[in-house]
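Subject: Structure for your review

Hello,

Here is the structure I said I would pass on. My notes on what was found in it follow below.

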Amino acid sequence: MAKYYALSLTVLLIGMHFTLSAQREIKGHAYDKDTRKPLTGANVLLFTAERSILKAQGITNESGDFILKKIPQGNYVITISFMGYDAATSLIMISEKSAKVFQVDLRFSGLQRNPIKLNSVNVKVNKSAFTIRKDTVEFSAGDFQTTENASVRSLLNKLPGITIDADGNLSFQGTAIKTILVNGRPLFQDGNSATGDTKKITQNLLADIVDKIQVIDRKRIDGMVEGGKNEKVINITVKKEYKKGFNGTAGAGYGTDKRYNAAANVNMFRDTRQAVVMGYINNVNSSRGPASTDENLSRGESMMGGLSRKNNVSANLGTDISKKIKLNANFLHQSQNVNNSQQQQRDNVLPDSNFRYNNNNTSGSTANMNILFTNLSIQVDEKNLVSIDMSANTQHNTFRSFNQYVSTGGKSNDTINFGNTNNLETRRNNVINLTTQYNHQFSPKAGSVSISFNIDQNNTKDEQQNTTLNTFAATNLADTINQQVNAKINVRRLMARFNYQYPLLTSMYLNVSYKITNNLTKNNQDAFDFDNEKKGYDLVNQDLTYRFKNKINEQSVGAGLFLNKTKIQGQLNIAYNFTDSKSNNFTAGNEFLQRIHYLSPNLSLFYKIDNYKSLDLRVNRETRIPPPNVYLPVVSTRNPLYVQLGNPDLKPSIYNSAAIGYRSFSVKGLTFSTNLGADLPNNAMTQSIYSDSAGRQINKPVNVDGNFSFNQDFSIGKRFSKPALTLNYSLSYYFSRNNSFINQVKSRTTDLSITQMLNGSWMYKKTLELEGFVSMLYISSVYSIQNNKHSDYLMYNVSLTANVFLPANLSIGSAALYFNNTSQHQQFVVLNSWIAKAFGKDKSFQAKLYAYDLTKQNQSLLTMQSPTYIEQQRNTVLTQYFMLSLSWFFGKKPAAKPAV
């Protein structure tokens, strides 16, 4: 047997020797033809001469030299490209007689400057697939075939590296995308540092208008990436032919069971201004118009609990008032009426047993919201920039519910209490925000300064009536609670920040910063019990009536270094932070003081391995102030059996975080990324819960140490150009350990969640389009308070959408969803189908018959596991209907002729 192994090894080594000996290296030098200076960071691509298949890629070093290794025999075309230059191309033939090292002739490696191409480098594999420009990845929309009247979301689903979940949330290589720009201008931004509605934009704008899709790092107005933040931005550039006239969509439909859906959007794009108006009204739990076939979004909305009536109007205006002044304004009006019937089963975790709360709840709510936001950017001169953000927000909400419940517990699962609760609540909220920022550039040697100021005023008025009839099973005695609670909450936030940047070297800067924040919360609450004799709410409830104020001051002084080189960028900053919190309950005569001082090191490092691979590292320490409402003495008494208290003595949390990520992008259309992160908080906010023998539960936030979490994600995407197939796969896990207190006993919960998603899009000659989405969510929790009791479940979501395009401008489609929740032992299939007819000039009109839930199986099944309870829910859902609609796609332009 040993002889066979020896012979096999000998043959293997001989084969490896001949294979390696047949491979060559290609070396060369890229330079500027005019100045003869080397070009650092130039792209070098090697393609087969016959089929233009990429065989190798590289980048020039600081001397302009490059090397491509392990090149087999054959005929090749080598392309050298650099930003602002015409690419250099030459033919290379490698044979058996070629030297082991092939040197590219200098006559063919010099690049000629082209002043027209100063901003980009085009990398072509048969067709231009994408562009790499510093921190930007750019896709050409024309390389990704879409159907007639397809949405931008459909286009994004075909791009390698971009993942879209069932709720329409976007990510690129595992990094969240929360902002979409159009021609560099924000669209539907509704507040300072707000992100806009990516879902609304991608499902309403049509793919036909798109020229380029650019994915960029999100940066502040001063051009720096904010410490600890890891977000991407998508910029959509509009085709030239759509920068004339107006374009958009309008459609309306009516169906069985009195279902209706109408939507419209009008767009105007110019080089110096743009305007977009969108709106919809329907009672089919949707935010999209009747012409849309983005079925993944439809299922995400329709499976949510309740039946809703919605109407929404959004308007955006971006214009250059002059060469130096730019205005961006947004207005949003939204109203919604939701009715729902919910069955809920909550198992509260106790030291010795579970306490189960079962209820049937019928509820109705209305929500009306108006938002106005404007941004004014003034470039006074080349050294001075002023930015002013102003926003106003008004909301009016009502909520009513009737709840019938039964509580059981103990080792024998005996009935503890039963009864009903009736709630009526009205809430009004008004918010005003003003943010200003001034940037000044001194002389190149003196550096730059940035000063910003923010004021935010948030006023809330809340009125509640709560009536509960609770019967204790053991004694059969009833307890009645009939209360009226009126609360006013005013929150004011002031912030000022100063940052100075001084150049130490050509690519290194010194940063000095100071930030101060002041948060003031005032809460006046009056509570009254019902007076049976006077038939009114005249009896003051002393336990729920109070006057309260909380004041938090934060200050941070920091200094650090900022490095900005071709291959490496980074920030190292060390700050001293001090936070003071003072709470006063004037009614009870209590005062609470908290003071935290600490050093905060922050490191952000980005290393560009080459034009297609990068590594980033982030380490930061920051204060996270709890929401203002958790400091209040009483947060909610809507359900007297589940009272939510606040904690005026709560400390701010300090989060110690670290993350490392790797990303690669190949011109072959393959993208890969992985990110690993960890959080170790001090003074983490957790819950302290007390459950008594009568079935009442009181919940209060407290501080705790010992919590931690780890998370990692992987994503891989591939674009197959020949079959027009795109696959994007992502895998992520989140592991955490959380401490809480249950009946004064410390409980440790260990949680693990694993999420997998696969998106696929395939199109065959504009006659067949398939889109698929598969997701799997695994949740596991281990409770130490119950001898490490283990609870876990799986949720599967598999969907497939097919569109077939027939002669005579007919199309038929179907979307199927399979859903499985192992915790509730339920699975079902929802099937939607449609048939559509396009007619008119440029197929501008569409008549469509749509059928929703042909199988009549739609359900809303939710499972939640927390450190203190496990909950199952079933909600009212949208049921089967048929709808006939007519849509108009106006302003369509004929496709531009491809360049020869």
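Two strands count as paired if DSSP finds at least two bridges between them. Please keep in mind that this is a predicted model.

With that criterion, one bridge can be named: Glu 25 has Val 101, in strand S8, as its bridge partner. Strand S1, residues 24-29, pairs with S8 in the parallel sense, and three bridges join the two.

These strands belong to an open sheet of three strands, in the order S5-S1-S8, and the pairing in the sheet is mixed. Strands S5 (65-71) and S8 (101-103) are at the edges with a single partner strand each, so each has one side without a neighbour in the sheet. From one strand to the next, the twist averages 20 degrees. As background, the strands of a sheet pair through backbone hydrogen bonds, either parallel or antiparallel.

For the chain as a whole, the secondary structure comes to four helices and 51 strands. The radius of gyration is 31 Å, close to the 29 Å that the globule rule gives for 900 residues, so the chain is as compact as a globular protein of that length. The C-alpha trace spans about 105 × 80 × 70 Å along its principal axes.

On burial and contacts, 47% of the 900 residues count as buried. Among contacts in the chain with a separation of 6 or more, 63% are between residues 24 or more positions apart. The accessible surface of the chain is about 43100 Å², and carbon and sulfur atoms account for 57% of that surface.

Regards

Terms used:
Residues numbered from 1 in each chain as written. Predicted model: local features only at pLDDT ≥ 70, side-chain atom pairs only at ≥ 80, totals over all residues. Heavy atoms only, no water. Axes fitted to C-alpha atoms, helices over the stretch in contact; angles between N-to-C directions. Rg over C-alpha atoms; globule rule 2.2 N^0.38 Å. Buried < 20%, exposed > 50% of the residue type's maximum accessible area, 1.4 Å probe, protein only. Contact = heavy atoms within 4.5 Å. Areas by Shrake-Rupley, 256 points an atom, 1.4 Å probe, with all protein chains shown as cover.
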